[in-house]
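The following paragraphs are meant to be read with the sequence and the model side by side. They begin at a single residue, widen to the whole chain, and then turn to one helix and two loops.

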Amino acid sequence: MEPVQVQFPKIPVPVKQVLRRLGYPTDHKIEPGMRQMIDAEIESSHPLLQFRGTYTLLQIASSNAEKMTFQDSSFVIESVQAVKMLNQADRVAIFMVTIGDALEKHVKELLDIEEPTRAFILDAVGSETVDALADYLHWKVLSNLAENEGCKVTPRFSPGYGDWKLTIQSEIHRV
């Protein structure tokens, strides 16, 4: 299957997750000055977020306990945990999302002008927003696609989870 480009709605910054990433428990009272800074960085992130995503479906050709191959593709999953999770599947959705590089560039600019707290906050905003974007593609787009075909999706499993090496990312990009 050819890769499919995904059109995203405006996905809000997940504020609760940003606060959690910043180390604030749910019931913690945040000092007003810090809360203003957090809110300002969340607001400043909006024009920096450029949502993009793509997915492709691959038909499984073969699988053993630690390796899975696909029809018409040289892509291989080498992960005991990922293969175990996919043991009932006949197809696999490979997908990528991004919020673009503008936010990351702004984080670097903040560090360059010695604003590490703002940079840390903005980095948390970016990390949690891209995770929300991945959740949207996974649980809305791919779940709906699977449901229409009488299938179900498994939980998401990304490079760096468990025993699936991060070095596979360039291969995912190629696919």
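Apart from its neighbours within four places in sequence, Thr56 is in contact (heavy atoms within 4.5 Å) with Met1, Glu2, Pro3, Val92, Ala93, Ile94 and Val175. Thr56 sits in strand 2, residues 52-63, and with a relative accessible area of 3% it is buried, a term that stands for under 20% relative accessible area, with exposed for over 50% and partly exposed in between (1.4 Å probe, protein chains only). The model is a predicted one, in which local features need pLDDT of at least 70 and side-chain atom pairs count only at pLDDT 80 or more, while totals for chains, interfaces and linings use all residues. Residues are numbered from 1 along each chain as its sequence is written, and side-chain values use heavy atoms, with hydrogens and water left out.

For the chain as a whole, the secondary structure consists of six helices and five strands, taken as DSSP runs numbered from the N terminus (helices H or I, at least four residues; strands E, at least two), and their order from the N terminus is β-α-α-β-β-β-α-β-α-α-α. Its C-alpha atoms fill a box of roughly 55 × 30 × 30 Å along the principal axes, and 35% of the 175 residues count as buried. Of the contacts between residues at least 6 apart in sequence, 67% join residues at least 24 apart.

Helix 2, residues 32-45, has 14 residues, which at 1.5 Å a residue should span 20 Å, and its end C-alpha atoms are indeed 20 Å apart; the expected span is 1.5 Å times one less than the number of residues. Its buried residues are Ile38, Glu41, Ile42 and Ser45. Seen down the axis of helix 2, these buried residues fall within an arc of 100°, so they line one face of the helix, the arc being that of the directions from the helix axis to the C-beta atoms. They pack against helix 1 (15-21), helix 4 (102-112) and helix 5 (116-148), whereas the face turned away from the buried side carries the exposed residues Pro32, Gln36 and Glu43.

Two loop residues deserve a look at their backbone. Most residues other than glycine have a negative phi. Asp72, although not a glycine, has a positive phi of about 55°; it lies in the loop between strand 3 (68-70) and strand 4 (76-77) and is exposed at 85% relative accessibility. Glu114, also not a glycine, has a positive phi of about 60°, and this residue, in the loop between helix 4 and helix 5, is exposed with a relative accessible area of 70%.
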